[in-house]
Amino acid sequence: EDKAVRSYVKRWMIIAAVVMVIAVVVTVPVSIKLSQVDPTESPTETPSLSPSTAPSSDRTAQIFTFLSGVTEFDVFSDRESPQYRAAIWMSLEDKLSLGLDEPNFLQRYALATFYFSTSGDDWRTCSRGDGNCVKRPNGSPGAKHAFLSGFTECEWWGTFCDDSGMVTDIRPPGMGDKPGNYLDGTLPRELSLITSMTQLSLPSSSFKVFPEWIGDLTSLETLILYKDEMEGTIPESLYSLVNLTELRLNRNSLGGTISTRIGNLVNMKDRFNVGGNKLYGAIPTEIGKLTNLVDLYLYDNLLTFTIPETMFNMTSIEEIDFNTNLLSGTVPPNFAKLDSLEELFLNKNDFTGVIPDAMGSMTNLEILNIEENDITKISESVCDLVDLVNLEITADVLCDSKTPSLSPSTAPSKTRSLSPSIAFSKTPSLLPSTAPSTVVSP
């Protein structure tokens, strides 16, 4: 019995010695790591850390084990991967040091992965260590703290949260047409962990590939990814986002067809814009299910065949832009059913025949552009709208009772400027010029 006790005690003494050695090995590099962290906020802005929140090897192991449930473990074997860097940051550098059971732990990890995946350290503004980020004008939504600072994610630049502290919007200010960050990289799948997200707005960047996982953001209402240099096709999963009200993917290089599943997007009401891409094929008949949509932009693609009759169920539509495609057939008289339509761009297609007499009832129409087609005549009732409601018609043929003007079209501010062409208005001017034809590259 004494021999057994001595053996038991010896075993535990050995274990205790090993634990002490591990503690020394872990504490020294962690202390060095922490001493090398350059503080990014002033003392009055940085949350204080209690001794219990100091990082340890146990915490690092726990974090990697926990995150392997949402990120493939093999990804962590690459120490340059955004996921690995985000996990290390959370375990060794994050001043907030959230517990694994806190509701925004995965949210913080997702945003840290987003930061590293889009070359966050090269952002022009509000990258980690940017002490001027918080000093931006109070009137700007950018008046927040830098990414990866020791504040909650809701206080980071470009993020917006609900009352419970869950991120609903990622829309950094100074993007799009204004100076701001140029995000270069990929949109990581980990963003789909933010299940509360309703808006993702990241235009004018370089993401190259449209994320296949986008359909996992089931709460998404607004998706704005225009001018992001994306190639490939629009993934089918996008059409499962039944809460979408606005989609802007224009000015990329997306190919393929517009899916028939577009009919799932019945809540789309603000804008559907996939113009300026390389989409081909027919406009699907299911588009007619978007009965609440206000603006439809399919311009500058390679779309063919005719305009589907189902589209005339879209009675809320105010602007349609189909210019610069390969659409053909005659201009449907059922455009007259769209009582709210104000601007119609059918220019630079292969339409033939006559602008139908029925369209003369469209008293809300302000702009009709049909130039560079094979239109042979504009019905008199449509021409009468020039005087009746000051309709501006841009075409290659004359209204019998109107004199064409050579001045450029004066479109409302939301409309792209038009090139000089035959514009019919109340004021007579010079003889028409012959607008050069435009060939759409196949």
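This is a short walk through one protein chain, from its overall make-up to a few single residues.

Okay, hi everyone. One thing before we start: what you have in front of you is a predicted model. So let's begin with the overall picture. The chain has 442 residues, and 49% of them count as buried. In terms of secondary structure, we've got five helices and 18 strands. And if you take the contacts with a separation of 6 or more, residues 24 or more positions apart account for 54% of them.

Now, the inside. In soluble globular proteins, nonpolar side chains tend to be buried together. Here, the largest nonpolar core has 101 residues. Which members touch the most other members? They're L223, F272, L296, M311, F322, F335 and I378. Several elements each supply at least two residues of this core, including helix 2 at 57-67, helix 3 at 82-93, strand 13 at 350-355 and helix 5 at 380-388. Helix 4 gives the most, with eight residues.

If you want one residue to click on, try F272. Leaving out residues up to four places away in sequence, F272 touches L247, I262, L265, L293, D295, L296, Y297 and L298. You'll recognise L296 from the list of residues that touch the most other core members.

Let's move on to helix 2. Its buried residues are R59, T60, I63, F64 and L67. Why do these line one face? Seen down the axis of helix 2, the buried residues fall within an arc of 130°, so they sit along one face of the helix. A bit of background helps here: an α-helix has 3.6 residues a turn, so residues three or four places apart point the same way. Over on the other side of helix 2, D58 and T65 are exposed. And what does the buried set pack against? Helix 3 and helix 4.

Next up, charges. How many salt bridges does the structure hold? There are 11. Let me pick out a few.

R108 pairs with D94, and their closest N and O atoms are 2.7 Å apart. R108 lies in helix 4 and D94 in the loop between helix 3 and helix 4, so this pair ties together parts that are 14 residues apart in sequence. Both R108 and D94 are buried.

Then there's D169 with R171, another salt bridge, at 2.8 Å from N to O. Here the two partners are worth looking at one by one. D169 has 9% relative accessibility, so it counts as buried. R171 comes in at 32% relative accessibility, so that one counts as partly exposed.

A third example is E246 with R248, where the closest N and O atoms are 3.8 Å apart. E246 counts as buried because its relative accessibility is 15%. And then, salt bridges that share partners join R85, E93, D121 and R128 into one network.

Okay, empty space. Rolling a probe the size of a water molecule over the atoms shows where empty space is left. What turns up here is one cavity of 30 Å³ or more. The largest cavity has a volume of about 30 Å³. Its lining is made up of I370, E371, E372, N373, I375, A395, D396 and V397.

Hold on to E372 for a second. E372 has a positive phi of about 55°, although it is not a glycine. You'll find E372 in the loop between strand 14, at 367-369, and strand 15. With a relative accessible area of 13%, E372 is buried.

S204 is another one to look at. S204 also isn't a glycine, and its phi is positive, at about 55°. This residue is found in the loop between strand 3 and strand 4, which runs 222-224. S204 is buried, at a relative accessible area of 15%.

Last stop: R189. Where is it? In the loop between strand 2 and strand 3, the latter at 199-201. Buried or exposed? Well, at 47% relative accessibility, R189 counts as partly exposed, since the cut-off for exposed is over 50%. Leaving out residues up to four places away in sequence, R189 touches W213 and D216. And R189 and E212, which are 23 residues apart in sequence, are 8.5 Å apart in space, C-alpha to C-alpha.

That's my tour, thanks for listening.

Terms used. Residues are numbered from 1 along each chain as its sequence is written. This is a predicted model: local features need pLDDT of at least 70, side-chain atom pairs count only at pLDDT 80 or more; totals for chains, interfaces and linings use all residues. Side-chain values use heavy atoms; hydrogens and water are left out. A nonpolar core is a set of buried Ala, Val, Leu, Ile, Met, Phe, Trp, Tyr and Cys residues joined through side-chain atoms within 4.5 Å. Buried means under 20% relative accessible area, exposed over 50%, partly exposed in between (1.4 Å probe, protein chains only). Helices (H or I, at least four residues) and strands (E, at least two) are DSSP runs, numbered from the N terminus. Contact means heavy atoms within 4.5 Å. The arc is that of the directions from the helix axis to the C-beta atoms. A salt bridge is a side-chain nitrogen of Lys or Arg within 4 Å of a carboxyl oxygen of Asp or Glu. On a 1 Å grid over the protein atoms alone, a cavity is a set of points where a 1.4 Å probe fits but cannot get out, and a pocket is an open set with protein on both sides within 12 Å along at least five of seven lines; lining residues have an atom within 4 Å of a point. Grid points are joined across faces, edges and corners, and a volume is the space filled by probe spheres set on the points.
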